[in-house]
Amino acid sequence: MSAWRLALRLLRQDWRSGELSLLAAALVLTVAAVSAVGFFSDRIERALAREGSALIAADLAIESGTPLPAFWRAEAEARGLETSALVEFRSVVLADGRPQLVRVKAVEGGYPLRGRLRLRAAPEAPEASAEGPPAPGELWVESRLLHLLDQPLGAMLGLGEARLRLGAILSHEPDAGATFFNLAPRVLMNGADLDATGLLGAASRATHRLLIAGEPGALADYRRWLEARLTPGVELRDAASARPEFATAVERATRFLHLATLATLLVAGAAMALASHRLVERQTEAVAIMRCLGMRRHLLLRLFALRLLFLALGASLLGVALGWLAQFGLVALLAEGFGAALPAPSLAPLVAGVVTGLALLLGFALPPLPRLARVSPLRALRGDLGAPPASMWLTLGLALAVFAGLIWWRAGEFALAWKLLLGLLGAGLALLAVVGVLLWIAARLAREARGLARLALAGLTRRPGLALLQIGGFGLGILALLLLAVVRLDLLESWRETLPEEAPNHFLLNIQPHEVEPLKDWLRTQGLGEVELYPMISGRLTGIAERAIEPSDYPDARAQRLAAREFNLSYSERPQADNRILEGRWWTDAGAEPAFSVERELAETLGIRLGDRLTFEVNGRSLSAPVTSLREVQWDSFNVNFFVIGSPALLGAEPATFLTSIHLDARAEALLPELVRRFPSLTLLDVEALIDEVRAVIERGVLAVESVFLLTLAAGLLVMIAGIQASLEQRRAEHGVLRTLGVGRRALLGALALEFAIAGALAGLLAVIFAELIGWMLAVQLFELPFSLNPWLWLGGILGSALAVGAAGTAATYPLLVQPPLQTLRRAH
Amino acid sequence: MTVGEPEPVSRAVALGKHVNGPAGALTILNDLELRVNPGEAVAILGASGSGKSTLLGLLAGLDDATSGEVWLCGERLDQLDEDGRAALRNGRVGFVFQNFQLLPTLNARENVLLPLELSGATEPERRAEEALERVGLSARARHFPRQLSGGEQQRVAIARAWAPRPEVLFADEPTGNLDHETGEHIIDLLLDLKREAGAALVLVTHDPRLAERCDRRLAMRAGRLEALA
């Protein structure tokens, strides 16, 4: 009979005897959890990407200062992608002879390809979604333009040579944020009217943008086609690069989701390791008999590996099916949060689920197998010869390698993979050390203990492998729960707090130096507290490290744009609270030395290193100073921030305008007309809508992550069951003998409860330590969020774990006590 | 009970045990009667599967009978709950198993100590050491079961059973897993200790040599016991 057929037959027998049920359950749950998370996060990631797309009104935007080649658009359309072109430029509208600088966007039908325009029919009217762009002959404008021009809706405005009607108030424009510092009021018009205005000639300064949307595969193909043909000065934007503050939120949400998946994987892997350990223990006798009957080692191993492979395939497919069903549950829970329907899941998670199941089998269930190959045939005669001990290095090494591979594959981030792996390795070693110390203490106590107490302690100290597995398993289960608490209470809360209710929602710009003190006083008297105003000086970067720079020096479009544009420079004695110095030092002595501090990503894009001398042309003069620090800026804080800051000694004497950001609630917004009247030169920018969008991403992300962590929790419960099961055989025999020796059920029950409660408390302690460590690592290293220790976690973790494990362990072992001792003894052997 | 007859240490009255198996209801014991007096050695012989071990379990209160009465040390077992039966066994009943049933995480000395400590015996350490010495295993007191041979393990099990000085000792095929010579040695030990302690011994065996050396021999047939000459 071939090994395959024999393996299948043995698998059927194993299955009937119930030997495999725990391992199968662990596998099914693992794969179900992983693929439910997979399907679900696949859908959420796509939904988040879609929301990101709304922010550029497309999936991909091609932008240039000159008209784009027509064949780019033709190619996109030939590939079945939707397109829409637009032009943005500065101009002046005239009303009753009064001019007002505006930013005009001329769009085609179909705009926006992603997201919606929202309008108001009157300044106080409710918002309504618009179908498509303004009709020809009509302008949609920001409400402040009505104030500035003092015109009602319906009035006619002059734009170039055309006269267009004020059709509606534009309250939301999905891609408005793409050009954040547009101070002029925005005006939306139909592209068909563009020729009539006569405003755009061949040499006019305008931004031409082609919006593209469609199916991801075709989009990716088109992007590759296009990238090979890009000319200098053309820039590609996608959802992630649309706006840094939104990209940061999406990136964090995605990271949280991946992390939740990984936590599920790890915890479920531990459940499988425990189940496999138990399987090997229970198969030892059968293997000894097979060895006695002359079966060779390699055939034996092959038979076992094949059986597990069949099992894994079956369980993985079942798990994927369950995961697919489970994600509907998650979606049903969350559908409200996402407003519109989520995109349908792709098939990728199906493959991922099966591959994950097989990988988990390799990493967690197979390592104990070589033990079976080493079972002595003598075991058939001497039933008391246990299974040979497992190789710690093989078990740990393979589990770590597989886990690392899975992290790398699932998270797609090498940095995350090695950080997590290092953390896990550290946690594993720490676990060994801590359990080692605890076992040493238990061994000391065992010498003094009597009766049942000695037996309980001996069970721990003389089977350290099992104790390690069990306490480790309990610890992991509790850790999953605590991580949920850490993530939920601490990390997610910190994430929310990066954008608190009081996040600035209005920017005040163009404040003249003589207005600084009166404005501060006025804001104070209006109950808005002390507001800090930041100086802003325009300057053009002309040299890095004594080398003159030109935009054409850089191949990258973003770098070219940065090199060509005017920088908004500022100066300050202290770094802002949401800035973090990564390299070098902030200046001391109130900035007495000339120096620059540069934002990290800008420095990377332009190739600026710490110590490089930067030269800026400011007000017609060259200013030069070394870079003494590189900073990281939290762009999603909505505070005023600068790419380049100079020391007061360097820039303090330059003429500057000032700006600030403030939070105005609905009541305080009534102050705005008065503010504009008192400080007429000041420009006001309302970013409330932008903040709402970022906040929505955070809220949905939090909800999704919490749901995914519930699955981790289920895996945690499974580990605990597996941990209890692992010692069940040993207990069965022990209880039979003890009851024969006259120990009552109540006494045994008490001893059991105590033993499990102590194991639970130890596991809880370990779990709390690791939960805080992981929380700290995640917060500080990965998510760049503040972190603090949580005393309730310590109390709740240790006590809760003692109670939960005590109750669960006692409940699971109770059936052994209900059976008459004779049955217990017979089943044990 | 007849006047002048000693009160039996173990007694079964109209004992019945039925189980439901794959082939339907199965009667293992049927209206079985047994009486074991203090200090008496009784051997129960029978074919494999005849219900000998089941009877032993019922007599020691390790299982529940379907019908009839079981008395142990003057108490009616079927009227006691599980804990009551355990308390009754504690220190007064010993048990020796065919497969030894030593606790693998305890060494020889600790295995013998366990019932002494559980029954609250005085000077448990001294008595455990004496019991091990009596079975000739003082030198191996610190060894774990896996480090001992089958015969040695059974000697530890006998020391564990006798150390608390029980009134009755139940032994289930005590020589079943041992070679001839070791089996002889175990039989000597069991009977010597029985004499020294003045306790009753009820043993289930296939071994006619072992049965020969008991005061009475009973055969299990069709769920009942018959006296053998």
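## The antiparallel sheet of chain B

In this predicted model, strands 2, 1, 4 and 5 of chain B, in that order, make up an open sheet of 4 strands with antiparallel pairing. Strand 2 (24–36) and strand 5 (75–76) of chain B are at the edges; each has a single partner strand, so one side of each is left without a neighbour in the sheet.

Strand 1 (residues 10–21) of chain B pairs with strand 2 of chain B in the antiparallel sense, over 9 bridges. One pairing in this register sets B:Asn20 against its bridge partner B:Ala25 in strand 2 of chain B. Helix 1 (residues 52–59) of chain B lies across strand 1, strand 2 and strand 4 (67–72) of chain B, and runs at about 125° to strand 1 of chain B.

## The mixed sheet of chain B

A further open sheet in chain B has 6 strands in the order 6-7-8-3-9-10, and its pairing is mixed. Its edges are strand 6 (93–96) and strand 10 (224–227) of chain B, each with a single partner strand, so one side of each is left without a neighbour in the sheet. From one strand to the next, the twist averages 20°.

At one of these edges, strand 6 of chain B pairs in the parallel sense with strand 7 (residues 168–172) of chain B over 4 bridges. Within this pair, B:Val93 has B:Val168 of strand 7 of chain B as its bridge partner. Helix 5 (residues 150–162) of chain B packs on the sheet and touches strand 6 and strand 7 of chain B; the direction of the helix makes about 170° with that of strand 6 of chain B.

## Strand 8 and its partners

Strand 8 (residues 200–205) of chain B is mostly covered, with 6 of its 6 residues buried. In a regular strand, side chains alternate between the two faces of the sheet. Here B:Ala200, B:Val202 and B:Val204 point one way from strand 8 of chain B, while B:Leu201, B:Leu203 and B:Thr205 point the other way, and all are buried.

Strand 8 of chain B pairs in the parallel sense with strand 3 (residues 41–45) of chain B over 5 bridges, and B:Leu45 stands opposite B:Thr205. Strand 7 of chain B also runs parallel to strand 8 of chain B and is joined to it by 5 bridges; in this pairing, B:Ala171 stands opposite B:Leu203.

## The largest cavity

The model contains 8 cavities of 30 Å³ or more. The largest cavity holds about 350 Å³ of space and is lined by 25 residues, of which A:Ala456, A:Gly459, A:Arg731, A:Glu734 and A:Glu755 lie nearest its centre.

At least two lining residues come from each of helix 14 (451–461), helix 15 (464–497), helix 22 (728–740) and helix 23 (745–782) of chain A. Helix 23 of chain A provides the largest share, 8 residues. The lining comprises 16 nonpolar, 5 polar and 4 charged residues.

## The second largest cavity

The second largest cavity holds about 60 Å³ of space. Its lining includes A:Leu741 together with residues of chain B, among them B:Arg89, B:Val93, B:Gly94, B:Pro115, B:Arg160 and B:Ala161. Strand 6 and helix 5 of chain B are the elements that give two or more residues to this lining. By class, the lining residues divide into 6 nonpolar, 2 polar and 3 charged.

B:Val93 thus has two roles in this description: B:Val93 is the bridge partner of B:Val168, and B:Val93 also lines the second largest cavity.

Technical notes: Residues numbered from 1 in each chain as written. Chains lettered and ligands numbered in written order. Predicted model: local features only at pLDDT ≥ 70, side-chain atom pairs only at ≥ 80, totals over all residues. Heavy atoms only, no water. Pairing = 2+ DSSP bridges. Axes fitted to C-alpha atoms, helices over the stretch in contact; angles between N-to-C directions. Contact = heavy atoms within 4.5 Å. 1 Å grid on protein atoms, 1.4 Å probe; cavity = no way out; pocket = protein on both sides within 12 Å on 5 of 7 lines; lining within 4 Å. Points joined across faces, edges and corners; volume = space filled by probe spheres on them. Nonpolar A, V, L, I, M, F, W, Y, C, P; charged D, E, K, R; others polar. Buried < 20%, exposed > 50% of the residue type's maximum accessible area, 1.4 Å probe, protein only.
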